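Got the viewer open? Let's take a short walk and pick out a few things to select along the way.

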Amino acid sequence: MDALRLIETTRLALARARSMEDIVAEAWQTQALAQAVGIHLASQGPIEARAAAGHLSEAGGRTSGALRQIALRAGGLRAARLSGIRDPWGTLTELGVLLGEVGIALVGVACACEEDGLYWQCIEAIDAADETGDRVSGLLRRLTLRERGGAA
């Protein structure tokens, strides 16, 4: 499945998430998707952007085993269905937007939760989404420089 379709599927799942645990699970689905996009672009993307794509993959993969289990219980990792990226620029732009939406949803969960464990899961997920968003922005800058013919 194309990355843009997976991002849209994840965005819809986040919008439909009703419980705090479901929102956290969608945050980690987003992280797994960022990791998969990074892996794909690191191996098949523009040469000038491959190192930055590798950093995106690393940031996307920054999850604890327990948190990844939350996402797996939600029906498996959607990122495993990634088959290609037809539009790297559009994919990264939409992934950045999704990461922002995830961050906002997680702040809401963190403010409302009364359970210490879930609160700290949210804080970890917020931190991961922020770092991953920074990597997406960096990769978009590299692609912009490439298109303009400049050095990154």
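Start by selecting C111, which counts as exposed because its relative accessibility is 66% (exposed means over 50%, buried under 20%, partly exposed in between, with a 1.4 Å probe and protein chains only). Next, click on C113: at 12% relative accessibility, C113 counts as buried.

Are these two cysteines bonded? What you're looking at is a structure with zero disulfides, a disulfide being a pair of cysteine sulfur atoms within 2.5 Å. The closest cysteine sulfur to that of C111 is in C113, 8.6 Å off, so too far for a bond. C113 has the sulfur of C122 as its nearest, 5.3 Å away, and is in no disulfide either.

A word on what you have open: this is a predicted model, where local features need pLDDT of at least 70 and side-chain atom pairs count only at pLDDT 80 or more, while totals for chains, interfaces and linings use all residues. Residues are numbered from 1 along each chain as its sequence is written, and side-chain values use heavy atoms, leaving out hydrogens and water.

Now color by pLDDT, the predictor's confidence in each residue from 0 to 100. The protein chain averages 88. Select helix 4 (residues 65-73) for the lowest mean among the elements, 58, then helix 1 (residues 3-16) for the highest, 97.

Keep helix 1 and add helix 5 (residues 88-112): they pack at about 15°, axes 10 Å apart. Angles under 35 degrees count as roughly parallel, so helix 1 and helix 5 are roughly parallel to each other.

Conventions:
Helix = DSSP H or I, 4+ residues; strand = E, 2+ residues; numbered from the N terminus. Axes fitted to C-alpha atoms, helices over the stretch in contact; angles between N-to-C directions. Parallel < 35°, antiparallel > 145°, perpendicular 65-115°, else oblique.
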